Amino acid sequence: MEVPIIADSDTFQESPESLQLIEAAKQLDLAKVQEMVDQGAVTAALDVDSGKNALHFVALNANAENEKKAVELAKWMLGNGGVWNGIDKSGETPGCIARRKNLNELYETIVDAGVRCELLLSLIERKDKVNERLDTNEKYLQSTLSYTQPTEDSNSLLDSDANAVMMSWEKKIMQRSAEIIASKPGCRVLNVGFGLGIIDTFLQERQPSLHVIIEPHPHVLAFMRKTGWMDRPNVVVYETTWESAIQDIASKYVFDGIYYDAFAESYEDLRNFFDSAVGILDPDTDSKLSFFNGLGADNQTFYDVYKKLVPIDLTSFGFNCTYEVMPTSSAEDEWEGAKRRYWNVVDYFLPVITFDL
């Protein structure tokens, strides 16, 4: 899924005023920062050599003794064009630095600013990004997928660019997710995105009365045929995207549990799925919805922003979201052959979504 928009470093060229603003940020001097802004500097001022913006330097020069002062400056900067999600040449955001230094109040200030920014951007850009999302999804569906086994105890699914689609280290997450959405035998369940079939295998062990799977990728569908999934008596497979399948599904089924793990889809696609899930999740049972929470998981700050953003968005669909925290671990050799790691955070926050009754 997509991560937050990162400011283009070419947007904020160095100027004398911007250099002075950066120096003021290093000193945590709010009055001087405001003076330089009045003279034409921008709070997104960038040090080209390090790739750090002014907010990076606030975090770098903050400590336990002056954190309150740093928070005051950060709040003003973030309310006046400061960039919360800029990544420097070391791969860190301002929030990453604050978190690394255990400056929790400063970190939460940056994360909260990220949530507000993403809420606003999602309203502005929702319509503009429709074609972009469709192009990304279509490219994935046309790509070549390969099932690999990096180690004796692990396997993975890679796309044609060697990006990891799914990996076996997710098993404990999928097992617990299956327990949540299929709490007892006889449940009616829907899973969007088969991948390695990890959660679907766990769901089958829980003896559902109905097990609907949506999977659009031809190579994954071929794997499902080869491994007998199409022949299981309680399994219904829709060989298309969830957007194409949802109307027919809504006319035939209602579910006690739903899981969403679609690859190459954005957060906006997930929001759209939430909207559709309202009509197919049974309100008269102890029904639950969940999804693979990899939102922004290549960076801890981004992950924490989405962790706060999702429950806010879900209220608009009549849902309540809580999290179960699970530690995660994956051996380095599991990522062998994968060009892009989609997971770089410590704890997994498993979403447990119910109707807000």
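Let's start at tyrosine 348, which you'll find in strand S12. Keep in mind as you look around that this is a predicted model. Is tyrosine 348 buried or exposed? Its relative accessibility is 0%, and the cut-off for buried is under 20%, so tyrosine 348 counts as buried.

Now look at what surrounds this residue. Leaving out residues up to four places away in sequence, tyrosine 348 touches a whole list of others, including Ile173, Tyr259, Asn293, Glu324 and Met326. Phe291, Phe292, Tyr303 and Trp343 are on that list too. With phenylalanine 291 there's a polar link: its backbone oxygen lies 3.3 Å from a polar atom of the tyrosine 348 side chain. As for phenylalanine 292, it is 56 residues away from tyrosine 348 along the chain, yet the C-alpha atoms of the two are separated by 9.5 Å.

That brings us to the rings. The structure holds 16 aromatic pairs. One of the pairs is made by phenylalanine 292 and tryptophan 343, with 6.2 Å from centre to centre and 50° between the planes, which is a tilted arrangement. Why is this pair worth a look? Phenylalanine 292 is in the loop between strand S10 and helix H13, while tryptophan 343 is in the loop between strand S11 and strand S12, so the pair ties together parts that are 51 residues apart in sequence. Both of these residues are buried. Zoom out a little and you'll see a cluster linked by ring pairs, made up of Phe292, Tyr303, Tyr323, Trp343, Tyr348 and Phe349.

Ile173, one of the residues that tyrosine 348 touches, leads us over to helix H8, which covers residues 171-181. In this helix Ile173, Met174, Ser177, Ala178, Ile180 and Ile181 are buried. They span an arc of only 160° around the axis, so they sit on the same side of H8.

Next, hop to strand S2, residues 52-53, where lysine 52 has its place. Lysine 52 has a relative accessibility of 12%, so it counts as buried. Its side chain is joined to that of aspartate 88 by a polar contact of 3.0 Å. Beyond its close sequence neighbours, lysine 52 also touches other residues, among them Ala45, Leu46, Phe57 and Ile97.

Phe57 has another partner to check out: the charged end of lysine 26 sits over the ring of phenylalanine 57, 4.8 Å from its centre. For another charge over a ring, find arginine 232, which lies over the face of tryptophan 229 at 3.9 Å from the ring centre.

How values were computed:
Residues are numbered from 1 along each chain as its sequence is written. This is a predicted model: local features need pLDDT of at least 70, side-chain atom pairs count only at pLDDT 80 or more; totals for chains, interfaces and linings use all residues. Side-chain values use heavy atoms; hydrogens and water are left out. Rings of Phe, Tyr and Trp (its six-membered ring) pair if their centres lie within 6.5 Å; planes under 30 degrees apart count as stacked, over 60 as edge-to-face and the rest as tilted. Helices (H or I, at least four residues) and strands (E, at least two) are DSSP runs, numbered from the N terminus. Buried means under 20% relative accessible area, exposed over 50%, partly exposed in between (1.4 Å probe, protein chains only). A charge sits over a ring if NZ of Lys or CZ of Arg is within 6 Å of the ring centre and within 35 degrees of the ring normal. Contact means heavy atoms within 4.5 Å. A polar contact is a pair of N or O atoms within 3.5 Å; within protein, one must be able to donate a hydrogen and the other to accept it, and residues adjacent in sequence count only if both atoms are side-chain atoms. The arc is that of the directions from the helix axis to the C-beta atoms.
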